[in-house]
Amino acid sequence: MIDQQWVSVDRYVTEQLVPQDEALTAALAANAAAGLRALDVTPAQGKLLHLLALIQGARTILEIGTLGGYSTIWLARALPPAGRLVTLEAEPKHAHVAQANIERAGLAHQVDLRLGPALEILPQLLVEYGASFDLVFIDADKPNTPGYFKWSLQLCRPGALIIADNVIRNGAVADPATADPNVQGMRRFFEVASKEPRVSATAIQTVGAKGYDGFALLRVKP
Ligand code: SAH
Ligand code: DHB
Ligand code: MG
């Protein structure tokens, strides 16, 4: 269910505080033209990711789940000139559209888009980068979220921030009897996070143009 008031208020907040520009609107248009599902974060959520990356002072960012690169652009724009963002995408068509969007945004020199199933690429990233990421955004296939969280812990420096998208799923996350594998994945993620002494975590429910869902925020202890 998407309440029309959530949509109106999201539009109001976005008009007031989240200026769009050519690269962002062109990315969404290119995604739609290529037939990608509109699973991107909303503009207000993209700005939240951008602000969190700035607050974190992130110089190295990992994103799991690129789609058309909309969240990638918001996050990469928070990087300092020598900063780097690695983003992982399993679908060649998504990666192709994303690469063009990232180039149009003038971010190709800072964004390293890797094509393949994330669980196959993450071990290689550990070899290349070690425990050096300042921020991780987990937003790919939901059943693998617990696995992505475990890899993120290995790839993060102390004090890093891990953000996971879609952890509330219209409230279904609180239903222990859920048969939805996406929700089951999120429940396993909460269970793993709850037992993980290396992080301090919370989750926040959100409503807006993309419905009722939420983010988890986990700080790797310094
Ligand atoms: N972060 C994007 C939205 C990502 S949607 C944004 O907000 O703009 C989820 C993406 O994860 C899809 O493009 C999907 O193809 C990708 N994905 C699904 N399974 C994956 C896997 N195993 N490895 C990497 N990417 C995967
Ligand atoms: C789905 C994935 C997302 O990243 C999202 O924000 C919303 C829905 C999905 O796979 O259904
Ligand atoms: Mg998402």
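This report looks at the magnesium site, the two other ligands and a few residues of the predicted model above.

A word on the ground rules first. This is a predicted model, where local features need pLDDT of at least 70, side-chain atom pairs count only at pLDDT 80 or more, and totals for chains, interfaces and linings use all residues. Residues are numbered from 1 along each chain as its sequence is written, chains are lettered from A and ligands numbered from 1 in the order in which they are written, and side-chain values use heavy atoms, with hydrogens and water left out.

**The magnesium site**

Let's start with the metal. The magnesium ion (ligand 3) has Asp139 (OD), Asp165 (OD) and Asn166 (OD1) as its protein donors, at 2.0 to 2.2 Å. Donors here are N, O and S atoms within 2.8 Å of the metal (3.2 Å for Na, K and Ca), and water is not among the atoms, so sites may look incomplete. Along the sequence, the donor residues follow the spacing D-x25-D-N. Asp139 belongs to the loop between strand S4 (133-138) and helix H7 (145-155), and Asn166 to the loop between strand S5 (156-165) and helix H8 (181-194), so the pair ties together parts that are 27 residues apart in sequence. Helices (H or I, at least four residues) and strands (E, at least two) are DSSP runs, numbered from the N terminus.

Asp139 is buried, at 14% relative accessible area, and Asn166 is buried too, at 15%. Buried means under 20% relative accessible area, exposed over 50%, and partly exposed in between (1.4 Å probe, protein chains only).

**Ligands 1 and 2**

Ligand 1 has 22 residues around it, the closest being Gly65, Ser71, Glu89, His94 and Asp139. A residue makes the list if one of its heavy atoms lies within 4 Å of the molecule. Helix H4 (70-76) and strand S2 (84-89) each give at least two residues to this shell.

Around ligand 2 you'll find Leu39, Asp139, Lys142, Asp165, Asn166 and Arg169. Asp139 thus turns up among the closest residues of ligand 1, in the surroundings of ligand 2 and among the magnesium donors.

Here are polar contacts of the two ligands, meaning pairs of N or O atoms within 3.5 Å; within protein, one must be able to donate a hydrogen and the other to accept it, and residues adjacent in sequence count only if both atoms are side-chain atoms.

| Ligand oxygen | Protein partner | Distance |
|---|---|---|
| Ligand 1 | Val41, backbone | 2.9 Å |
| Ligand 1 | Glu89, side chain | 2.6 Å |
| Ligand 1 | His94, side chain | 2.8 Å |
| Ligand 2 | Leu39, backbone | 3.2 Å |
| Ligand 2 | Asp139, side chain | 2.7 Å |
| Ligand 2 | Arg169, side chain | 3.4 Å |

On its own, ligand 1 exposes 580 Å², of which the protein buries 89%. For ligand 2, the accessible area alone is 300 Å², and the protein covers 72% of that. These areas come from the Shrake-Rupley method with a 1.4 Å probe; for residues, only the protein chains shown count as cover.

**Two residues and Ala78**

Leu24 sits in helix H2 (residues 22-33) and is buried, with a relative accessible area of 0%. Its C-alpha is 14 Å from that of Ala78, with the two positions 54 residues apart in sequence numbering.

Gly171 is in the loop between S5 and H8 and is partly exposed, at 27% relative accessibility. Gly171 and Ala78 are 93 residues apart along the chain, and their C-alpha atoms are separated by 31 Å.
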